[in-house]
Amino acid sequence: MENRLGENVKTLLTESGIQFVGFGLKYGISFISTLVMARLLGQVEYGGASIGITILAVVSTLVLIGLDTGVSRNLPREDAAGKRGMIFSAGEIVLPISIGFGTILVILAPALAVNVFHDASIASSLRIFGLAIPIAAVMKLAVGAIRGTTRAAPRVYIQNVTLPISRLVFLLIFISLGLGAVGVAWAYLLSYMIAAALATYFVVKLTPVIKSGPTPRMYRTLLSFSAPLIVASIMRLVLSDIDILMIGYLKSTVDVAEYNVIYQLSSLTTVFLSSVSYVFLPLLSKIDNDGNSEMGSLLYRSVAKWLFVVTLPFIFVLISFPELTLSLIFGSEYVSGAPALVVLTLGFFIHTIFGPNVESLASIGETRTIMRIDVVAAVTNVFLNVTLIPMIDILGAAVATTLSYILMNIMYSRRLYRIEGYYPFARNTAPTLIAMIVITIIATICIHVVQNPVLQLVVCIIFLIGFFTIIYLLAIGEDERAIFESITGTPDPDLADVLSNWNDS
């Protein structure tokens, strides 16, 4: 068991590192795009563009009705004829639905702009985003088919490289031409066209979709698997995107711009969790299939602690210096969103330190539990948004999202502990967290006493050095250093014992 645990940890960290590069590239380029729009458009136009971007993301996912996952799951099980039938069947369902929803958005764009979002100027950009819906849906479906071939590289080329880079290039071109929010919409449309074309190329190359032969339709097989995923997809979208649309409805496009900036910035702290989760699910699923619950528990707790450690410095900066961070990155007009940035950052931090709990539940087959919890979290989020946004503006949306994430993670982790005995917190998590709170309070007081921006930056650097020192002293000990040595190639035959001691420390 000890050797296998060591192998599993090294596999997890190695593969997560590869995924981190891919996710980091995607998140990084997307964040640069956000920066370009926030800096060059102004709050009103950027807010209007953010509404269109959110609608595109939500609708292009909903129209898939889970079939992208259905195709990726069922494709490896079929022969050549079945593969063709699977892809054609999914396309024949998704394409008309996506065209229909896109057409509806194109037609209703003026009414939505005036009656829902209270800004007639965004009607033109909403129409263009409507045109992009079927194209984005085709790209996502094609990526699902590619995933079913078990090839990882094409997905990285499409989603992590081609789409964000082409979008950034078009954004720079169209915004420099003075097209504003309409230019943003065109940038999204054209970048999705390029990504969809590349995805289609890979589908043709990697599957027998254009080869001659029988092509049986497999609607029932696809829909029977994908139906439960529709509810889960809707709930996840409600949790992640509904606040943008509700701010647009209840407030203004300026508030949307401000909230979207802080949401994008704070969500960057989850890139480590996303990278680990992608690899963690199949790895834990294999461990569970072997019936080794003790190894699964050790691995889960190890991952949760590492996520806690690597995320802490970023959390410290965003919580201690929110005004300085927003001013330096996005400009002084976004500084008023600092309280909401702190609240959202706390929410994503709590979400991260609970570890990959939903992936753990999925690996042991608890998909119905996940769906029920997602429904509760999404309904809670909507209720809190409706209640709090009229009272405290975008801070209300931040509080709603944070409380929903906390509730969701508590329910996930409670269920996981009851079934498998997994829990995310090691013994030295609490003292490290207490030390973080103390130094964050001191840093916040100092930054408010010092008014000069240059001196504020110096204070930030000094406290960041102190923060890394605290992490080193409290969170990283001999066990962690032994793991680092093993990753870098230094022989360590007692790695499993190290991990066991680490989780008990």
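Lys140 touches Ala57, Ser60, Thr61, Leu64, Asp68 and Tyr192, leaving aside residues up to four places away in sequence. This lysine is part of helix H5. Lys140 counts as buried because its relative accessible area is 16%, under the 20% cut-off. The model is predicted. The protein chain has 505 residues, and 52% of them count as buried.

**Overall build**

- The protein chain has 19 helices and zero strands.
- Contacts in the chain reach far along the sequence: of those with a separation of 6 or more, 83% join residues 24 or more positions apart.
- About 21,200 Å² of the chain's surface is accessible. Carbon and sulfur atoms own 68% of that area.

**The nonpolar cores**

- The largest nonpolar core holds 100 residues. Within this core, Met37, Val184 and Tyr259 touch the most other members.
- Helix H5, residues 123-147, gives the most to this core, with 14 residues. H5 is also the helix where Lys140 is found.
- Another core lies apart from the largest one. This other core has nine residues, including Ile319, Phe349, Ile353 and Met436.
- Met37 has a long list of partners beyond four places in sequence: Gly42, Tyr46, Ile53, Leu171, Ile175, Val184 and Tyr188. Val184 appears again here, as a residue touched by Met37.

**The cavity**

- The count comes to one cavity of 30 Å³ or more. The space in the largest cavity is about 30 Å³.
- Its lining is made up of Thr61, Leu62, Ile65, Gly66, Ile230, Ser233 and Ile234. Thr61 is also one of the residues that Lys140 touches.
- Helices H2 and H8 (219-250) each supply at least two lining residues. H8 gives the largest share, with three.
- By class, the lining has four nonpolar residues, three polar ones and no charged ones.

**Val44 in helix H2**

- Val44 sits in helix H2, which covers residues 43-62.
- Val44 is partly exposed because its relative accessible area is 45%, between the 20% and 50% cut-offs.
- Beyond four places in sequence, Val44 touches Asp119, Thr253 and Val254.
- Val44 and Ile122 are 78 residues apart in sequence. In space, their C-alpha atoms are 9.8 Å apart.

**Two residues with positive phi**

- Most residues other than glycine have a negative phi. Two exceptions follow, one in a loop and one in a helix.
- His118 is not a glycine, yet its phi is positive, at about 60°. This histidine lies in the loop between helix H4 (80-116) and H5.
- His118 has a relative accessibility of 46% and so counts as partly exposed.
- Asp393 also has a positive phi, near 55°, in a residue other than glycine. Its place is in helix H15, residues 367-420.
- Asp393 has a relative accessible area of 35%, so this aspartate is partly exposed.

Definitions and conventions:
Residues numbered from 1 in each chain as written. Predicted model: local features only at pLDDT ≥ 70, side-chain atom pairs only at ≥ 80, totals over all residues. Heavy atoms only, no water. Helix = DSSP H or I, 4+ residues; strand = E, 2+ residues; numbered from the N terminus. Buried < 20%, exposed > 50% of the residue type's maximum accessible area, 1.4 Å probe, protein only. Contact = heavy atoms within 4.5 Å. Areas by Shrake-Rupley, 256 points an atom, 1.4 Å probe, with all protein chains shown as cover. Core = buried A, V, L, I, M, F, W, Y, C linked by side-chain atoms within 4.5 Å. 1 Å grid on protein atoms, 1.4 Å probe; cavity = no way out; pocket = protein on both sides within 12 Å on 5 of 7 lines; lining within 4 Å. Points joined across faces, edges and corners; volume = space filled by probe spheres on them. Nonpolar A, V, L, I, M, F, W, Y, C, P; charged D, E, K, R; others polar.
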